[in-house]
Amino acid sequence: MGSEPIYDLIVVGSGAAGGIAAYVLAMRGLKVLCLEAGRMIDPAKDFYTHKYPFEWQFRGEGRPGQYGKLPQGMEWKIKEWTDHLYTVPQEDPYALAPGAKFTWTRLRAVGGRTLLWGRGVDRFGPLDFKPKSLQDGWGEDWPVTYEDVAPYFDSVEALIGVAAGSEEVFNTPTGKKLLPPFRPRCGELLIKKGAENLGIKVLSKPLAVLSRPYDGRPPCHYCGACGFGCDTRSRYSSLEVLLPKLQTLPNFTLRPNAAVHTVLMDPGTGKARGVTYIDTQDKLEYEAYGKAVVLAASMVESIRILLNSKNRDFPTGLANSSGTLGRYLMEHVAFNQIEGYLPQLAGRPSTNDDGPGESCLYIPRYNYGHKDKKKYLRGWRLDFYTGCDMGSGPGAALPGFGSAYKKKIKELYPARVTMGGYGEGLALKSNYLEIDPDGLRDRYGIPQVRFHTSAEYDHAFAILEEMYGQIEEILRASGVEILPYKKVAPYPLGSVTHEAGGCRMGDDPRNSVLDKWNRCHDVKNLLVVDASCFVTHPEKQITLTIMALAHRACDHLAEEYRLGNV
């Protein structure tokens, strides 16, 4: 067993939360060790951003059977462009309880899942932090307010570079120092017109993509391949934006290929004193020591570390005196998109509509109130996509064969429209994870998790049904010809990679794991700053809030360290 000197702080993970945590702490002058389970990435070699399907042996889909049966929602992530980055489940399986479904997306590499993400960065609003007291009395409030987090939204937006509009609507605030929004595509403007004829507001989508040069990084060049990486640093990832700043600091150490599996405790003080990890290259176990530990390994991994760190004082998992560790897992209510086409755009010449690799407009939540009419809690947002992209367009979904069929595909290709959305997912005690009781271990010998989760509950079905109806209404008002589709059950938790909860914040140690500064109630020098700290899961995308909370927690931790309170 190896050992090393004592660091001021150990940060576990280098993605959305870990990158911010390491940056904030190191920039405050603290000696930081960042442990990442995955390898170092070279964007020039590891990102295939400009490789088209016809250039791959299996057209980008991989050799038949290569990935096994992928969980729902993972089939669009693991492709020939990305299969060397993601963990393929059949190669390193996790466990599911009978009847359970969970799509666990693992990307073990420096930068974590910020290497491949949707880049949407809308802010949580005031009602999202206090839904019990300000909306409907259900569930729990966060121990922080929007006003507490707002300065850190500002800081993160300035650090990562966000293109967005200045207009905001009720409970969807926007920043004040943003880059210009991206110009909408033709089809998006037609959807905007149709929605606004119904009195529904359409806003510029806030994206962590540069619309002009910023902080020494070039603007987006509209290749549309953000889902495969970015070789120009034009979209945010902690690998390409924060790591270059950190690596110039003598007080920062990055150790890739270090799979942390337990937190070390000092029995005399009751404090965390470091972590144990497996070197994924030599397969040996090592220890690293620090005066405080910050877990930012992603929701599942941080919870797994705490559960695997059980001891005599915490027999059901470290910092689990409340019994809530691993419970109240959440995800957006998600479902299939509705597809159609805009007749007025049919037959137009094909144009490059890739843009910033995402839609430039979206529909924020607008269904506030009406408690007497709704059969579900809270609300949802809608996203829509139009124009020519790497796919074949709506014509390919129609029956046909031969030259007439090809002509139809070509005709409808520039007229494509799809619309979907996210609804608020509820924090249910019945959705939880545990260490697999049958002894399943991962490829490094670390005890693996088992999920007890279902997305199919009454609220989810009710909110999904209304979202289908609202999408149809907006599309028809925009003149879209809707293609036949089948309504589906809510997608499994984790399917859109927005999973959260399981180590939630709260003022009461009896029903929460963390306090308002993301410190474990039971172990004050142990913090958890990734999405596992979430109390609720509103319709908004979660990454900006993850980063803002990590910034806030580590800012406070650095100050406590300066005062000698760690």
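This report walks through a predicted model of a protein chain, from its overall form down to a few selected elements.

## The chain as a whole

Let's begin with the overall build. The protein chain holds twelve helices and 16 strands. Its C-alpha trace spans about 75 × 55 × 50 Å along the principal axes. A compact globule of 566 residues would have a radius of gyration near 24 Å, and the protein chain has 23 Å, so the value agrees with that expectation.

Burial and contacts fill in the picture. Of the 566 residues, 61% are buried. Among contacts between residues at least 6 apart in sequence, 72% join residues at least 24 apart. The accessible surface of the protein chain comes to about 22300 Å², and carbon and sulfur atoms account for 51% of that area.

## Strands β2 and β5

Next, a pair of strands worth finding in the viewer. Strand β2 covers residues 32–35 and pairs with β5 in the parallel sense, over four bridges. If you would like a landmark for this pairing, cysteine 34 has leucine 254 of β5 as its bridge partner.

Strand β5 itself runs over residues 252–255 and has two unlike faces: Phe252 and Leu254 make up the covered face, while Thr253 and Arg255 make up the uncovered one. In a regular strand, side chains alternate between the two faces of the sheet. The bridge partner of cysteine 34, leucine 254, thus belongs to the covered face of β5.

## Threonine 418 in strand β12

Now for a single residue. Threonine 418 sits in strand β12, which spans residues 416–423. Its relative accessibility is 5%, and because buried means under 20%, threonine 418 counts as buried.

What surrounds threonine 418? Leaving aside residues up to four places away in sequence, threonine 418 touches Gln337, Ile338 and Glu339, along with Asp383, Phe384 and Tyr385. With one of these, glutamine 337, there is also a polar contact between the two side chains, at 3.4 Å.

## Helix α12 and what follows

Finally, have a look at helix α12, residues 543–562. At 1.5 Å a residue, its 20 residues should span 28 Å; the C-alpha atoms at its ends are 29 Å apart, so the helix agrees with the expected span.

How many of the 20 residues of α12 are buried? The count is 17, so α12 is mostly covered, given that buried means under 20% relative accessible area. Just after the helix comes glycine 564, which takes a positive phi of about 80 degrees.

Definitions and conventions: Residues numbered from 1 in each chain as written. Predicted model: local features only at pLDDT ≥ 70, side-chain atom pairs only at ≥ 80, totals over all residues. Heavy atoms only, no water. Expected span 1.5 Å × (residues − 1). Buried < 20%, exposed > 50% of the residue type's maximum accessible area, 1.4 Å probe, protein only. Polar contact = N/O pair within 3.5 Å; in protein donor to acceptor, adjacent residues only side chain to side chain. Contact = heavy atoms within 4.5 Å. Pairing = 2+ DSSP bridges. Rg over C-alpha atoms; globule rule 2.2 N^0.38 Å. Areas by Shrake-Rupley, 256 points an atom, 1.4 Å probe, with all protein chains shown as cover.
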